Amino acid sequence: MGLRVSPASLQDWALVRAWSAAEGWNPGAADAGAFFAQDPEGFFLGRIDGEPVSAISVVNYGDDYAFLGFYLVRPDLRGLGHGLATWRAALAHAGGRTVGLDGVPAQQDNYRRSGFAPAYRTARYVGEMPLPDRPVTGVVAAERVDPAEIAAYDSACHPADRPRFLRSWLTTPGHRALVRITDGRPTGYGVVRPAEQEARIGPLFADTPADAAALLDALAAEARAFGAPRIAIDMPEANPAAARLAESRGLEPTFETARMYTGPIRPIARERVFGVTTLELG
């Protein structure tokens with residue numbers, strides 16, 4: 001029997017998480033629930049004789065935008081066309097939407113041939129940050145802030161509104177969400193979560209480098225509180241202040257990806273994006 005591509009369940013995705021961990025992607029410990037909250041029909045497995053051999057997600061955000069991630073084929077079955085067949089079957093889920101992805105260098109030429117154009121590069125910065133000399137001020141837990149204010153801030157920094165994802169991402173057990181408050185209003189927010197290796201920070205959105213620095217210091221302290229002295233954050237080249245902040249905290253770049261799109265996206269506040277939410281869902 002040949003490859004059959006069909007929707008995957010939340011339970012199925014535990015296997016895909018294990019595959020991504022084996023690839024060194026450092027998946028979050030409890031990401032899947034928030035991922036499926038956004039678009040439970042956007043996750044796919046390719047199976048041969050009922051056995052999973054490939055995976056991909058194509059998650060829809062509203063009517064205009066989708067994001068592709070988790071493009072994986074079991075290592076012993078690569079080079080046989082299963083990945084491309086899975087890609088083609090799943091991409092139909094996006095319909096006419098612009099599709100984004102974060103592509104590793106080895107795959108970027110393939111993505112170009114499929115109609116994706118590069119927008120900017122992203123580097124993952126990793127390391128153990130020093131503890132701040134004094135307590136971080138002006139940063140509060142997200143539950144103390146009106147969710148509508150956080151959602152509005154997020155929407156300015158992302159190519160589409162994502163209320164279902166955001167509600168889950170901010171409240172998933174183990175996730176620590178913090179908001180920077182200046183003169184009574186949010187000037188940034190961020191989330192840190194346990195992961196396979198280093199704790200993952202994302203998003204990190206902020207009005208200014210000072211707001212981002214306060215949030216990054218506070219999020220790193222939260223990571224230490226759940227036993228993760230090392231953090232990882234994916235920072236876009238499109239905001240040069242992000243790399244300067246990472247380097248000022250002793251973080252080092254490891255691997256890079258390229259954000260790529262098949263078409264136009266709505267304007268976003270790129271200068272506020274110090275760390276992308278995830279490489280899997282944008």
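How many helices and strands make up the secondary structure of the protein? The legends below start with that count and then turn to single residues.

**Figure 1. Overall fold of the predicted model.** The protein has eight helices and 13 strands. Its radius of gyration is 18 Å, close to the 19 Å given by the globule rule for 282 residues, so the protein is as compact as a globular protein of that length. Along the principal axes, the C-alpha atoms fill a box of roughly 65 × 35 × 30 Å. Among contacts with a separation of 6 or more, 75% join residues 24 or more positions apart.

**Figure 2. Surface and charges of the protein.** The accessible surface comes to about 12,200 Å², and carbon and sulfur atoms contribute 52% of that area. Of the 282 residues, 51% count as buried. The protein carries 29 positive and 33 negative charges, and the mean positions of these two sets are 1 Å apart.

**Figure 3. The largest nonpolar core, with a close-up of Trp13.** In soluble globular proteins, nonpolar side chains tend to be buried together. Here the largest nonpolar core has 38 residues, and Trp13, Ile150 and Tyr189 are those with the most contacts inside it. Beyond its neighbours within four places in sequence, Trp13 is in contact with Ala8, Phe36, Phe43, Phe44, Ala55, Ile56, Ser57 and Phe70.

**Figure 4. The second nonpolar core.** This core is separate from the one in the previous view and has 29 residues. Its members include Ala206, Ala212, Leu251 and Phe274.

**Figure 5. Arg259 in strand β12.** Is this arginine buried or exposed? Arg259 has a relative accessibility of 4%, under the 20% cut-off, and therefore counts as buried. Leaving aside neighbours within four places in sequence, the residues in contact with Arg259 include Tyr65, Phe67, Leu101 and Asp102. Ala117, Pro118, Ala119 and Tyr120 are also in contact with Arg259, as are Val276 and Gly282.

**Figure 6. Gly263 in the loop between β12 and β13.** The loop that holds Gly263 lies between strand β12 (252-261) and strand β13 (273-275). Gly263 has a relative accessible area of 27%, which means that this glycine is partly exposed, as the value falls between the 20% and 50% cut-offs. How far apart in space are Gly263 and Phe116? Their C-alpha atoms are 7.7 Å apart, while the two residues are 147 residues apart in sequence.

Terms used:
Residues numbered from 1 in each chain as written. Predicted model: local features only at pLDDT ≥ 70, side-chain atom pairs only at ≥ 80, totals over all residues. Heavy atoms only, no water. Helix = DSSP H or I, 4+ residues; strand = E, 2+ residues; numbered from the N terminus. Rg over C-alpha atoms; globule rule 2.2 N^0.38 Å. Buried < 20%, exposed > 50% of the residue type's maximum accessible area, 1.4 Å probe, protein only. Contact = heavy atoms within 4.5 Å. Areas by Shrake-Rupley, 256 points an atom, 1.4 Å probe, with all protein chains shown as cover. Lys, Arg positive; Asp, Glu negative; His and termini not counted. Charge placed at Lys NZ, Arg CZ, Asp CG, Glu CD. Core = buried A, V, L, I, M, F, W, Y, C linked by side-chain atoms within 4.5 Å.
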